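Please open the structure in your viewer and keep the selection tool at hand. The tour below moves from one selection to the next and says what is found at each stop.

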Amino acid sequence: DDTVLDEAHWNETPGDPYMQAKTDSERRAWELAGELSVPMIALNPAAIVGRHDYKGTPSNGFVREHVHNPGSYHGGLNYVDVRDVAWVHAQALTHGEPGERYIVASENLSVREMVALVTERTGKWAMRYHQPRWMMKPTASLIEGGSKLLGIEPMTTRAVVDEFYRRWCWYDTAKARTAFDWTPRSPRELMDDTLLWLVHRDRIKPGLAARI
């Protein structure tokens, strides 16, 4: 639901193997830290976006999809700039408290608000109609099948619907802000930088890139 989550929460219902692996690996790390008496801190970032992503990570890929296929759905997102995540990692070496988890995130926005940040830059019309969940899965299945035939990356998948549709990735960052005397970049700043990076890497269609 749209509860704002803090460090006491865990993802108990991951929608795909990647999310499951993230949760399982951190829990195992805490177990090993306890068994071996190793001081441990966990930094839990939201979806990391921004500059110098030469590989093309999934998080920047989501932003790219906001550009090419701007459509909203019921849910909430939280992106965080890669520079903020790197800075908090550095601060945690001397200012983190062993045994603690810290959420590293920016502002909580609805999917519609996040998509609006992109369409303000591109001028592209965004679909506002929200399909009910029972329609989303068959639609995603058709998109997956068609994309496979065409040899292109699907706009959405059934796993994405399971993980994000009617789910809110909203977080309370007060603990990290206080511990590391840190203020994250705003969604507008981090989104603008990410868009410019995607243009720089020729990952945006030329017509849209020119608008950005």
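The stops that follow concern helix packing, an aromatic pair and a few single residues. Bear in mind throughout that this is a predicted model.

Begin by selecting helix H2, residues 58–68, together with helix H8, residues 187–200. The two helices pack at an angle of about 85 degrees, with their axes 10 Å apart, and H2 is therefore roughly perpendicular to H8, since angles of 65 to 115 degrees count as such. To see the contact itself, show the side chains of Asn60, Val63, Arg64 and Val67 in H2, which meet Met191, Thr194, Leu195, Trp197 and Leu198 in H8. Sorted by class, the residues of this contact comprise 6 nonpolar, 2 polar and 1 charged.

Stay with H2 and colour its buried residues, which are Ser59, Asn60, Val63, Glu65, His66, Val67 and His68. Which elements cover the buried residues of H2? Select S2, strand S3 (75–77), strand S4 (79–81), H4, H8 and helix H9 (206–211), for the cover includes each of these.

Next, keep H8 and add helix H4, residues 111–122. Here the packing angle is about 55 degrees and the axes are again given as 10 Å apart, so that H4 and H8 are oblique to each other, and their crossing is right-handed. On the H4 side the contact is made by Met114, Leu117, Val118, Glu120 and Arg121, while H8 contributes Pro187, Arg188, Met191, Asp192 and Leu195. By class, this contact of H4 with H8 holds 6 nonpolar and 4 charged residues, with no polar ones. Met191 and Leu195 of H8 thus appear in the contact with H4 as well as in the contact with H2.

Now centre the view on Trp197 of H8 and add Tyr54, which lies in the loop between strand S2 (47–49) and H2. The structure holds 2 aromatic pairs, and one of them is formed by Tyr54 and Trp197, edge-to-face, with 5.1 Å centre to centre and 90 degrees between the planes. This pair links distant parts of the chain, its members being 143 residues apart. Is each partner buried or partly exposed? Tyr54 counts as partly exposed because its relative accessibility is 49%, whereas Trp197, with a relative accessible area of 8%, is buried.

Finally, select Ser25 in helix H1, residues 17–36. With 45% relative accessibility, Ser25 counts as partly exposed. Add Asp81, which is 56 residues away along the chain, and the C-alpha atoms of the two residues will be found separated by 23 Å.

Technical notes: Residues are numbered from 1 along each chain as its sequence is written. This is a predicted model: local features need pLDDT of at least 70, side-chain atom pairs count only at pLDDT 80 or more; totals for chains, interfaces and linings use all residues. Side-chain values use heavy atoms; hydrogens and water are left out. Axes are lines fitted to C-alpha atoms, for helices over the stretch in contact, and angles run from 0 to 180 degrees between N-to-C directions. Helices (H or I, at least four residues) and strands (E, at least two) are DSSP runs, numbered from the N terminus. Angles under 35 degrees count as roughly parallel, over 145 as roughly antiparallel, 65 to 115 as roughly perpendicular and the rest as oblique. A crossing is left-handed if the near helix is turned anticlockwise from the far one by less than a right angle, and right-handed if clockwise. Contact means heavy atoms within 4.5 Å. Ala, Val, Leu, Ile, Met, Phe, Trp, Tyr, Cys and Pro count as nonpolar, Asp, Glu, Lys and Arg as charged, and the others, Gly among them, as polar. Rings of Phe, Tyr and Trp (its six-membered ring) pair if their centres lie within 6.5 Å; planes under 30 degrees apart count as stacked, over 60 as edge-to-face and the rest as tilted. Buried means under 20% relative accessible area, exposed over 50%, partly exposed in between (1.4 Å probe, protein chains only).
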